[in-house]
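Work through the exercises below with the structure in view. Each task is followed by a solution in steps.

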Amino acid sequence: MLFEVVPPVSGVEEILFKAGEGRILSVDEYVQVYDFFTRHRPNLDKSTITYSRKVFIPLTNLCRDSCGYCVFAKKPWDTRAKTYTLDEVISIARIGEKLGCKEALFSLGDKPELAYPEFSEYLSRLGFRSTVEYLIHACDKVNTLTSLIPHVNPGTLSWSQMKEMKNVCASMGVMLENVSERLMEKGMAHENCPDKHPKARIAMIKAAGSLKIPFTTGILVGIGETVRERVESLLALRTIQLEFGHIQEVIIQNFRPKMDTRMSNFPEPQAEDFLATISLAHLILGGLTTIQAPPNLARVPLIEYVERGVRDFGGISPLTVDYINPEAPWPHLRSLKGELERMGYSFRERLCVYPRYIKEAGWVSRVFDEKIKEYVGDDGLVRPPWEAF
Ligand code: SF4
C-alpha cells in the first residue's frame with residue numbers, strides 16, 4: 001500500500017485510496033491531501049538513499065536576472081563578482097579528484113553577457129560569443145584533463161545549445177521553481193527575471209527530454225506561491241516526465257531568507273508545510289522519478305525527509321561550499337550514513353547520472369563511457385574502491 005492512513009480520515013482516506021490505485025487526482029484533491037500531510041506522515045517502504053560526491057565550480061556569478069532570494073548573483077562592479085579562468089576551473093577539479101569526487105557541478109548566472117557589455121567584451125577577448133560557449137569549453141577541459149564528469153546548471157538554454165552541451169556533460173539541470181506567472185509580477189520573487197519565466201523553464205525541460213538528456217529539476221518552496229501553485233508545478237513536472245522520462249530527480253527545496261536580498265524579511269516555510277510538500281511530491285511523482293531535498297538546508301532531522309519520501313540528498317562536496325546557500329554547511333557524510341543505516345536504510349554514492357540512464361543506451365554521450373564503466377557496478381551505483389564516505 002502506498003499510504004497507510006492512521007487513523008482513518010473520511011474524504012482524504014478515499015482520495016488516498018484512489019491515489020494508491022494509481023489514479024490521478026484533481027488539483028483540489030491534492031490540496032486536500034496536502035493539508036492532511038501537514039498533520040500525518042505516510043508509511044513508506046525503506047530503501048536506498050543516494051548522494052553524489054562533487055565539487056562545485058561557480059563559473060561566473062554574474063547574472064542578468066535578479067531573483068528576490070538570490071545571494072549568489074553579483075553585478076560586475078561588485079568586488080565579489082567572479083568569473084573563473086580555465087586554470088582555476090581545472091585546479092578546483094583536480095583537488096576534487098583527490099578528495100574522491102566524481103562530479104564537477106558547474107553553476108552559473110544566466111546570460112550575463114546580455115546585460116553587461118563589459119562581460120561580453122571579456123568573453124570576446126577569450127574567444128567566446130556567450131557564457132554558454134565558455135561553459136561548453138570549460139566542461140570539455142574538465143572532462144579531458146580530469147577524472148570528473150561534468151553536470152551543468154546553466155540557466156535557460158535553447159534546444160541547439162543543449163544539443164551541443166550534451167557532448168560535454170553527462171547531465172543537466174534547471175529548477176522549474178514554480179509554474180506561477182504571478183511570481184514574475186512587481187514585488188514578487190521573480191520580478192525582473194526573464195529567465196525565470198515558467199514558460200521558458202518548461203520549454204527547456206521539454207527540450208532536454210526531446211534530446212534525451214538526464215535531467216534535474218525541482219520546485220522552490222515558500223517564495224510566495226500558494227499550495228495550489230505548488231500542486232500545479234508538481235503536476236506539470238509529472239506530465240513532462242510521462243512524455244519524456246528524462247527527469248532523474250525532482251528537488252524539493254525550501255526557501256531560506258538571506259541578508260542583503262529583497263526577500264530577507266520574508267518568512268521561511270514552516271517545517272510541517274515543507275514536509276507536507278515532500279509527501280505531496282512523493283504522491284505525485286514517486287515511482288516516476290526520485291525526490292531529492294538539499295540536506296544542508298534542513299530545519300528538521302534528515303530522517304524526517306527520508307520518511308516523507310526523499311531518496312536522494314543531491315550533491316555533497318568535501319571541498320567547496322554550497323555557493324547558492326553559503327551559510328548552510330554540508331552534513332557529515334559518515335554520520336549521515338550511520339544514522340540512515342541504523343534506521344534501516346542504505347546510503348550509497350551515485351554519479352551525476354542515475355543508474356537507469358546509465359543502463360539504457362542513448363542517454364549519455366559515449367565520451368563518458370570509460371569513466372562511467374570504471375566507477376559503477378552492476379547496480380549503476382558507485383562501486384568499491386571508488387565509493388567514498
Ligand atoms: S537565482 Fe539564478 S537566475 Fe536568479 S539571480 Fe540568482 S543566479 Fe540569477
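## Exercise 1: Helix α6

Task: Find how far helix α6 (residues 131–145) reaches from its first C-alpha to its last, and set that against the expected span.

Solution. Helix α6 has 15 residues. At 1.5 Å a residue the expected span is 21 Å, and the helix in this predicted model reaches 21 Å, close to that expectation.

Next, list its buried positions. They are T131, V132, Y134, L135, I136, A138, C139, V142 and N143.

## Exercise 2: Two residues, buried or partly exposed

Task: Decide whether I136 and E387 are buried, exposed or partly exposed.

Solution. The cut-offs are 20 or more other C-beta atoms within 10 Å for buried and 12 or fewer for exposed, with partly exposed in between.

Step 1. I136 is in helix α6. I136 is buried because it has 21 other C-beta atoms within 10 Å. Apart from neighbours within four places in sequence, I136 is in contact with E164, M165 and V168.

Step 2. E387 lies in the segment after α14 (369–375). E387 has 17 other C-beta atoms within 10 Å, so it is partly exposed. Its contacts, leaving aside neighbours within four places in sequence, are E349 and V382.

## Exercise 3: Helix α9 and what covers it

Task: Describe helix α9 (residues 227–244), its buried residues and their cover.

Solution. Step 1. Helix α9 has 18 residues and spans 26 Å from first to last C-alpha, close to the 26 Å expected at 1.5 Å a residue.

Step 2. Its buried residues are R230, V231, S233, L234, L237, I240 and Q241.

Step 3. The cover over these buried residues includes α2 (27–37), α8 (198–210), β5 (215–221), β6 (247–254) and α10.

Step 4. After α9 comes G245, with a positive phi near 70 degrees.

## Exercise 4: The largest nonpolar core

Task: Which residues have the most contacts inside the largest nonpolar core, and which helix gives the most to it?

Solution. Step 1. The core has 93 residues, and F106, L135 and L280 have the most contacts inside it. Helix α10 (residues 271–285) gives the most, with 9 residues.

Step 2. Take L280 from that group. Not counting residues up to four places away in sequence, L280 touches Y30, V33, Y34, F37, V231 and L234. Two of these partners, V231 and L234, are among the buried residues of α9.

## Exercise 5: The ligand shell

Task: Which residues surround the ligand, and how do they divide by class?

Solution. Step 1. The ligand is surrounded by C63, D65, S66, C67, C70, F72, A73, G109, D110, C193 and D195.

Step 2. The shell has 6 nonpolar, 2 polar and 3 charged residues.

Step 3. An unreviewed UniProt entry lists residues 49–294 as "domain: Radical SAM core". That span is 39% helix and 18% strand, and its end C-alpha atoms lie 13 Å apart.

## Exercise 6: Unusual backbone angles

Task: Where are K111 and D260, and is each buried or exposed?

Solution. Step 1. Most residues other than glycine have a negative phi, and most peptide bonds are trans.

Step 2. K111 has a positive phi of about 45 degrees and sits in the loop between β2 (103–108) and α4 (112–115). K111 counts as buried because it has 22 C-beta neighbours inside 10 Å.

Step 3. D260 has a positive phi of about 60 degrees and lies in the loop between β6 and α10. With 6 C-beta neighbours inside 10 Å, D260 counts as exposed.

Step 4. The peptide bond from P384 to P385 is cis, with omega near 5 degrees. P385 is in the segment after α14.

How values were computed:
Residues are numbered from 1 along each chain as its sequence is written. This is a predicted model: local features need pLDDT of at least 70, side-chain atom pairs count only at pLDDT 80 or more; totals for chains, interfaces and linings use all residues. UniProt positions are given in the numbering used here, feature names are shortened, and annotations may be inferred rather than shown by experiment. Helices (H or I, at least four residues) and strands (E, at least two) are DSSP runs, numbered from the N terminus. A residue is near a molecule or strand if its C-beta atom, placed from the backbone, lies within 6 Å of it. Ala, Val, Leu, Ile, Met, Phe, Trp, Tyr, Cys and Pro count as nonpolar, Asp, Glu, Lys and Arg as charged, and the others, Gly among them, as polar. A nonpolar core is a set of buried Ala, Val, Leu, Ile, Met, Phe, Trp, Tyr and Cys residues joined through C-beta atoms within 7 Å. Two residues are in contact if their C-beta atoms, placed from the backbone, lie within 7 Å. The expected span of a helix is 1.5 Å times one less than its number of residues.
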